[in-house]
Amino acid sequence: MVETILLAMDESENALRAARYVGRIVGGSRKSFEVTLAYVLVRPSPDLFEEPEGAKKYEQEARAKMEAVFAQAAAVLQEAGLSAENIRTRFIVTDEPGIAQGLLAEQKAGRYGTLVVGRRGVTKAEEFLFGSVSNKIIHHAKDCAVWVVE
Amino acid sequence: MADVAAHQEGAGHLPAGLREKVAQHGGEYALERPLRVLTETADFFEVVPYDIMLLAGRYYLIRGHEYEGRFGLEETPKYWVKRAVDLETGERKILKFVFHESFTDKLGAVTIRYVRSPEKEARVLDLVRGHPYFMQGFAVIDPGGNNVRVLDRIPGKPLDHVIEGLALGHEEYFHTRLPDFLSALVPVFEAIGFLHAAGEKHGDIRRDHILVEHATGTYKWIDFDLDYFQPEHPYGVDIFGLGNVLLYVAGMGIHTISDLYHERPEVFERLREEDTSPVLRHRVCNLRKIFPYLPVELNNILLHFSMGADVFYDSVDELLYDLRDYLAR
């Protein structure tokens, strides 16, 4: 039976750290693991851009950046022993109200057994205003394991 | 220069009765210059008092522009927001012309990028049509494709002016007025929850963006043309704003470390970092340290907005759950 892991990615160093951790844990295992590197883009409202194609450009730029990040994370996982065919990538554009909700929806839809997210250090003010994806996932994830990597 | 419409006095074609309506609602002084009827709104500086805007078949007499103050600072003119009168009905209106701007603002040490969006405000106006706790209006697209919002002017006072106008000490306020103010906030906060459930934000929640309507005492939200993008916590800035409103109402004003240092040094000595706001570090959230008769249950709600909180409110519903629970005691 294949154990499925949804690994939340973004451009941050702690997301890469989470990838390294996943690699360390599952890379040399005799069990079969499939790791999906996932980036969630919350679809921005067109109001937020001055040019008409602003939202589309925003998505295209994010895709381009994440291609490089996914490649880097995949290399980390392969170096740890995971085979390329067991590494997938998902660029998710969601209308869910936030990144955490987008990840939770993906976990549910894909029935991933484990959801992995990196936790970045934020100030209390940032946590208050911008929230914490990892905290939201801890509170709301169901029917899966959650790993929070610091 | 804004395109002047087909109508201008002396050139003929003014609708019958328009001069009389202008005199009725603008006084004879309004007739001392040739009437100018405009349809396009791109250059809002060019639209001046006693001009007439023709929007979606209705005539509006311009009476001036709005001002907005920023708590203690001099009021600044908002040239894109005109005061007007509907010449048919005599109703006071606000006409908001297109003004796209994006700017960053600091909430404490945190920078937020805001966008002013007529389209967003128009969408929210459609969403809240008939909702008792929001300013009402509609959007019109002028011949130049500009989105103009025609808003009903609310005769009323900002909530903070209502509270500031009370000649009471805090303890008397707490016993005699605070319960009513808190009860009145519940549907107002629910209204923000309604926006969030529909995927919209207010964007600029402030205590002076709640108007208390003179005739009914109903609280109404105004000014929702600002937007911000924060995909990790889309409604966090709105919730922060609600917390500030609640702290203001509970405290009958804002209480800062500096105020307490000067006026209540015995309270200042007891303050700790965890008693203050994580965002506006000079503001005290632990109001029970200033007003010891404040119930623990109410104070606990306020402490969700403090540095000492382990968990912040993630949604308006969570805040309302606790507020309703407190009010039901």
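Q: What stands opposite B:Val81 in strand 6 of chain B?
A: In this predicted model, B:Val81 has B:Lys96 across from it in strand 6 of chain B.

Q: What makes strand 5 and strand 6 of chain B count as paired?
A: Pairing takes at least two bridges between the strands. Strand 5 (residues 76-86) and strand 6 of chain B share five bridges, in the antiparallel sense, so by the two-bridge rule they count as a pair. The two strands also form a hairpin with five residues between them. B:Gly90 sits in that turn, with a positive phi of about 80°.

Q: Which other strand does strand 6 of chain B run antiparallel to, and over how many bridges?
A: That would be strand 10 (residues 147-152) of chain B, joined to strand 6 by four bridges. B:Lys96 turns up again here, standing opposite B:Arg149 in strand 10 of chain B.

Q: Why is strand 6 of chain B called mostly covered?
A: A residue is buried once 20 or more other C-beta atoms lie within 10 Å of its own. In strand 6 (residues 92-96) of chain B, four of the five residues are buried, hence "mostly covered". For the chain as a whole, 38% of the 329 residues of chain B count as buried.

Q: How do you know which strands are at the edges of the sheet ordered 7-8-14 in chain B?
A: Start with the sheet itself: it is open, has three strands and pairs in the antiparallel sense. Strand 7 (101-107) and strand 14 (226-228) of chain B each pair on one side only, and that makes them the edge strands. From one strand to the next, the twist averages 40°.

Q: What ties strand 8 of chain B to strand 14 of chain B?
A: Three antiparallel bridges do the job. Two would have been enough, so the pairing holds by definition. One residue to look for is B:Tyr114, whose bridge partner in strand 14 of chain B is B:Tyr228.

Q: What makes strand 11 and strand 13 edge strands in the 11-12-13 sheet of chain B?
A: This one is an open sheet of three strands too, with antiparallel pairing. Strand 11 (156-158) and strand 13 (219-221) of chain B each pair on one side only, so to speak with one free flank. Ignoring direction, neighbouring strands are turned by 35° against each other on average. Strand 11 of chain B is joined to strand 12 (residues 210-213) by three bridges, and B:Pro158 stands opposite B:Leu211.

Q: Parallel or antiparallel: what are helix 5 and helix 6 of chain B to each other, and why?
A: The axes of helix 5 (residues 178-197) and helix 6 of chain B come within 10 Å and cross at roughly 170°. Anything over 145 degrees counts as roughly antiparallel, and the two helices are therefore roughly antiparallel. Residues making the contact include B:Phe181, B:Leu185 and B:Phe189 from helix 5 of chain B, and B:Leu242, B:Leu246 and B:Val249 from helix 6 of chain B. By class, that contact has 10 nonpolar, no polar and one charged residues.

Q: Which element gives the largest share of the side of chain B that touches chain A?
A: The contact between the chains takes 25 residues from chain B and 18 from chain A. On the chain B side, strand 8 (110-116), helix 2 (118-127) and helix 6 (236-251) each supply at least two residues. Helix 6 of chain B gives the largest share, three residues. The side of chain B that touches chain A divides into 13 nonpolar, seven polar and five charged residues.

Q: Why is strand 1 of chain A described as largely enclosed?
A: Five of the seven residues of strand 1 (residues 2-8) of chain A are buried, so the rest of the structure largely encloses it.

Q: What does strand 1 of chain A pair with in the parallel sense?
A: Seven bridges join strand 1 of chain A to strand 2 (residues 32-42) of chain A, with A:Ala8 opposite A:Ala38. Between those two strands the chain passes through helix 1 (residues 13-26) of chain A, in a right-handed β-α-β crossover. Strand 1 of chain A also runs parallel to strand 4 (residues 114-118) of chain A, over three bridges. There, the bridge partner of A:Ile5 is A:Thr114.

Key
Residues numbered from 1 in each chain as written. Chains lettered and ligands numbered in written order. Predicted model: local features only at pLDDT ≥ 70, side-chain atom pairs only at ≥ 80, totals over all residues. Contact = placed C-beta atoms within 7 Å. Nonpolar A, V, L, I, M, F, W, Y, C, P; charged D, E, K, R; others polar. Buried ≥ 20, exposed ≤ 12 C-beta atoms within 10 Å, placed from the backbone. Right-handed = clockwise from strand over helix to strand, strands pointing away. Axes fitted to C-alpha atoms, helices over the stretch in contact; angles between N-to-C directions. Parallel < 35°, antiparallel > 145°, perpendicular 65-115°, else oblique.
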